[in-house]
Amino acid sequence: MSNNDANQASPAPESIPQPDAASAAPTEAGATPEAQLAQAQDQLKEAQDAFLRAKAEAENVRRRAEEEISKARKYAVESFAESLLPVKDSMEAAIAMPDAPVEKVLEGVHATLRQLAQALERNKVLEINPPAGTKFDPHQHQAISMVPAQQEANTVVAVLQKGYLIADRVLRPALVTVAAPK
């Protein structure tokens, strides 16, 4: 047999896959693409897990904040009401003694008024009671009338009813008379 016959007698195996030089060779990191893919999938799973945990934590924080806001709204007046209870108790005690002398009743009314003033002050409810001569402030005062006076125009002459602030917000303006221009 000649060399040609030998080449023809053993057919070349066409169905045997030959390893690809690029896929078989280690990469820069020293891992095959399959190993890199597995590593990337692991990282993706970790990132997805971290994302889901962060999302759940954010949802828990939002839910807790909503609950706190709801409780704050529901019980906002709790402190104020608690500070007014002694005032109510004092008034009930005064009513329970209908035959008390006027001096005792007046003394009790003054004590009750002090309790009420303290309760309001503790809850940041402050009086607006401008002294005479104070410049009229339309944000805190309501002019009932203008009267001729021996003082500068647009200044408070008298307070007819005290006003009140809650923190910096006007709850009720002070009702005042104001000096008319001369």
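In what sense do S1 and strand S4 pair, and over how many bridges? I looked this up first in the predicted model. S1 and S4, the latter comprising residues 163-166, pair in the antiparallel sense, and 4 bridges join them. I noted one position in this pairing: Leu126 stands opposite Leu165 in S4.

**Entry: the sheet containing S1**

I then traced the sheet to which this pair belongs. It is an open sheet of 3 strands in the order S1-S4-S5, with antiparallel pairing. At its edges I find strand S1 (125-128) and strand S5 (169-172), each of which pairs on one side only. Direction ignored, neighbouring strands of this sheet are turned by 35 degrees against each other on average.

**Entry: the sheet containing S6**

I recorded another open sheet of 3 strands, with the order S2-S6-S3 and mixed pairing. Strand S2 (141-147) and strand S3 (156-161) each have a single partner strand, so one side of each is left without a neighbour in the sheet. For the twist from one strand to the next I noted an average of 30 degrees. I examined S3 with strand S6 (residues 174-179) and found antiparallel pairing over 4 bridges. Within S6, Leu175 is the bridge partner of Gln161.

**Entry: the nonpolar core**

Which residues form the largest nonpolar core? I list 6 residues: Ile128, Val156, Leu165, Ala174, Val176 and Val178. S6 gives the most to this core, with 3 residues. As general background, nonpolar side chains in soluble globular proteins tend to be buried together.

I followed Val156 further, leaving aside its neighbours within four places in sequence. Val156 is in contact with Pro130, Pro131, Ala132, Gly133 and Thr134, and also with His141, Gln151, Val176 and Thr177. Of these partners, I noted that Val176 is itself listed in the core.

**Entry: helices H4 and H5**

How are H4 and H5 oriented to each other? The axes of helix H4 (residues 78-95) and helix H5 (residues 102-122) cross at roughly 175 degrees and come within 9 Å. Angles over 145 degrees count as roughly antiparallel, and I therefore entered H4 and H5 as roughly antiparallel to each other.

I next identified the residues making the contact. H4 contributes Phe80, Ser83, Leu84, Pro86, Val87, Ser90 and Met91. From H5 come Thr112, Gln115, Leu116, Ala119, Leu120 and Arg122. I classed the residues of the contact of H4 with H5 as 8 nonpolar, 4 polar and 1 charged.

Terms used:
Residues are numbered from 1 along each chain as its sequence is written. This is a predicted model: local features need pLDDT of at least 70, side-chain atom pairs count only at pLDDT 80 or more; totals for chains, interfaces and linings use all residues. Side-chain values use heavy atoms; hydrogens and water are left out. Two strands pair if DSSP finds at least two bridges between them. Helices (H or I, at least four residues) and strands (E, at least two) are DSSP runs, numbered from the N terminus. Axes are lines fitted to C-alpha atoms, for helices over the stretch in contact, and angles run from 0 to 180 degrees between N-to-C directions. Angles under 35 degrees count as roughly parallel, over 145 as roughly antiparallel, 65 to 115 as roughly perpendicular and the rest as oblique. Contact means heavy atoms within 4.5 Å. Ala, Val, Leu, Ile, Met, Phe, Trp, Tyr, Cys and Pro count as nonpolar, Asp, Glu, Lys and Arg as charged, and the others, Gly among them, as polar. A nonpolar core is a set of buried Ala, Val, Leu, Ile, Met, Phe, Trp, Tyr and Cys residues joined through side-chain atoms within 4.5 Å. Buried means under 20% relative accessible area, exposed over 50%, partly exposed in between (1.4 Å probe, protein chains only).
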